[in-house]
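Colleague: I have a few labels to query in this model. Please give me the value and the cut-off behind each one.

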Number of protein chains: 2
Amino acid sequence: MNLSIAEENHIKSIYKLQEGDAVVTTNALAYELETKPASVTDMAKKLKEKKLIEYEKYKGITLSADGRKAALQIVRRHRLWECFLVDKLSFSWEEVHELAEELEHVRSEKLTNRLSEFLGNPVIDPHGDPIPDANGKLAKPRPQTSLDQANAKRLVVTAVSDQSTALLAFLNAKGIKLGTQLEIVAHYEYDNSIEIKVKGQPAITISEQVAKNIMVRPV
Amino acid sequence: MNLSIAEENHIKSIYKLQEGDAVVTTNALAYELETKPASVTDMAKKLKEKKLIEYEKYKGITLSADGRKAALQIVRRHRLWECFLVDKLSFSWEEVHELAEELEHVRSEKLTNRLSEFLGNPVIDPHGDPIPDANGKLAKPRPQTSLDQANAKRLVVTAVSDQSTALLAFLNAKGIKLGTQLEIVAHYEYDNSIEIKVKGQPAITISEQVAKNIMVRPV
DNA sequence: ATTATTATTTAGATTTGTCTAAATAATATT
DNA sequence: AATATTATTTAGACAAATCTAAATAATAAT
């Protein structure tokens with residue numbers, strides 16, 4: 001099955017929004033892809049025809065087994081290229097998303113597998129997201145919570161869920177990246193902001209909104 | 001100036017066929033791009049509009065200064081990716097062309113320059129072709145002739161001009177690659193075939209057509 | 001249970017890149 | 001020079017991916 005770039009992007013976004021099982025809505029998908037609902041409806045008909053999604057008028061979209069398989073291939077390529085850009089070309093983690101967005105569409109299994117091998121078959125990407133293996137299997141994610149719900153004091157950053165450049169740049173400026181160890185200094189009930197400290201740096205205060213998007217696990 | 005993939009491919013092929021100064025013909029370009037002359041005419045109008053080529057009806061096509069600059073960027077990306085695939089991912093030189101054909105369209109200067117640096121700023125690609133630097137400057141090619149016109153006995157392979165997979169696979173099977181040292185054993189005037197010997201291997205006979213596509217210089 | 005609101009789909013248009021078939025220009029041949 | 005051949009362009013069509021505006025369905029509010 002040969003997918004166009006537009007088809008791949010739709011599949012990938014459906015996978016992202018589905019998050020396991022949920023039905024994906026036309027509007028949500030249009031918003032995610034920065035396109036219009038009418039365009040999503042058009043594409044949904046096409047992808048249904050190709051048996052990559054389940055879709056009935058007005059009933060929303062879910063991936064079929066084949067669609068899920070395709071999505072995992074795309075996600076695998078995306079995340080491997082992100083590793084390459086960060087590990088080998090010294091990009092910082094907030095820069096790589098757009099570039100990987102283009103590189104992911106080079107659909108060669110041989111290339112993908114060689115790249116993976118070259119990188120040492122990594123299982124998580126620079127944002128902490130798991131990388132599907134050649135068969136589409138995802139490493140089961142280690143237990144993690146968002147920073148605003150953590151109860152341990154000493155934590156490691158394992159992922160950042162919001163992909164916005166603004167947040168990533170902010171964290172970068174504060175010296176926070178994957179694997180950074182944090183200590184929770186205080187939790188202000190007033191606005192649910194959290195004061196944290198990275199070893200060797202002055203303590204900083206983080207809003208609830210930011211804390212919700214930083215994933216951590218106890219060290 | 002943002003070029004589509006189709007536009008980039010046309011620019012690149014015009015650059016390739018132009019070879020310095022020659023005017024490129026509609027038919028030749030269509031053949032090179034595996035498309036139809038009518039499509040080339042359409043695209044020529046568009047590229048002229050964008051001032052990337054000089055073009056008058058029935059008079060053929062040449063690159064403008066801007067077009068040449070664009071072409072060199074594309075060629076740079078293509079050849080750097082070929083180096084990456086061969087040097088880092090252990091592809092053999094005859095496999096990399098198609099993959100580089102896709103990777104070359106990721107238009108990020110930062111990525112290109114970082115990639116170049118990562119590879120040690122190479123100046124020739126795995127086929128022996130020079131890689132333009134970030135300013136579009138080409139290293140001046142070392143003196144070379146095609147194997148059928150060489151007069152020295154001991155030679156080094158410096159490039160292969162035909163990009164066909166068939167030829168590359170043939171050479172690969174014979175253990176001939178960039179940098180391979182050859183010795184001319186005999187030259188048969190009858191059909192202009194040439195008998196050559198690679199150190200440690202039995203002598204082989206090569207047709208004139210193949211010899212024309214192997215570039216060499218005296219060792 | 002009507003009505004209002006929001007979500008989704010349809011119909012029809014647009015852009016890009018391509019094609020075929022016919023027309024025209026350039027070149028080669030007699 | 002007239003004619004035949006080849007190269008190139010034009011005209012009109014088509015598929016993919018998108019859009020806007022209008023129509024319809026689903027859901028929420030009174």
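Colleague: Which residues of H3(A) are called buried, and what does the word require?

Modeller: The model is predicted. A residue is buried if 20 or more other C-beta atoms lie within 10 Å of its own. In H3(A), the buried residues are Val40(A), Met43(A), Ala44(A) and Leu47(A).

Colleague: How do you know on which side of H3(A) they lie?

Modeller: The buried residues cover an arc of only 115 degrees around the axis, so they sit on the same side of H3(A). What they pack against in chain A is H1, helix H2 (26-32), strand E1 (53-55) and strand E2 (61-63).

Colleague: What does the face turned away from the buried side of H3(A) carry?

Modeller: That face has the exposed residues Ala38(A), Asp42(A) and Glu49(A). Exposed here calls for 12 or fewer C-beta atoms within 10 Å.

Colleague: How does the reach of H3(A) compare with the expected one?

Modeller: From first C-alpha to last, the 13 residues of H3(A) reach 19 Å, close to the 18 Å expected at 1.5 Å a residue. After the helix comes Lys51(A), with a positive phi near 60 degrees.

Colleague: Which element supplies the largest share of the surface near DNA strand D?

Modeller: H3(A) does, with five residues. A residue counts as near when its C-beta atom lies within 6 Å of the strand. By that test, 21 residues surround DNA strand D, and Ala38(A) and Ser39(A) are among the closest. The surface divides into eight nonpolar, eight polar and five charged residues.

Colleague: Why is Tyr55(B) called buried or exposed?

Modeller: Tyr55(B) has 21 other C-beta atoms within 10 Å. The cut-off for buried is 20 or more, so Tyr55(B) is buried. This residue is found in strand E1 (residues 53-55) of chain B.

Colleague: What does Tyr55(B) touch, leaving out residues up to four places away in sequence?

Modeller: Tyr55(B) touches Ala44(B), Lys48(B) and Ile61(B). A contact requires C-beta atoms within 7 Å.

Colleague: What secondary structure does chain A have, and what makes the chain as compact as a globular protein of that length?

Modeller: Chain A has eight helices and eight strands. Its radius of gyration is 19 Å, close to the 17 Å that the globule rule gives for 219 residues, so chain A is as compact as a globular protein of that length. Of those 219 residues, 30% count as buried.

Conventions:
Residues are numbered from 1 along each chain as its sequence is written. Chains are lettered from A and ligands numbered from 1 in the order in which they are written. This is a predicted model: local features need pLDDT of at least 70, side-chain atom pairs count only at pLDDT 80 or more; totals for chains, interfaces and linings use all residues. Helices (H or I, at least four residues) and strands (E, at least two) are DSSP runs, numbered from the N terminus. The radius of gyration is taken over C-alpha atoms; the globule rule is 2.2 Å times the number of residues to the power 0.38. Ala, Val, Leu, Ile, Met, Phe, Trp, Tyr, Cys and Pro count as nonpolar, Asp, Glu, Lys and Arg as charged, and the others, Gly among them, as polar. The expected span of a helix is 1.5 Å times one less than its number of residues. The arc is that of the directions from the helix axis to the C-beta atoms. Two residues are in contact if their C-beta atoms, placed from the backbone, lie within 7 Å.
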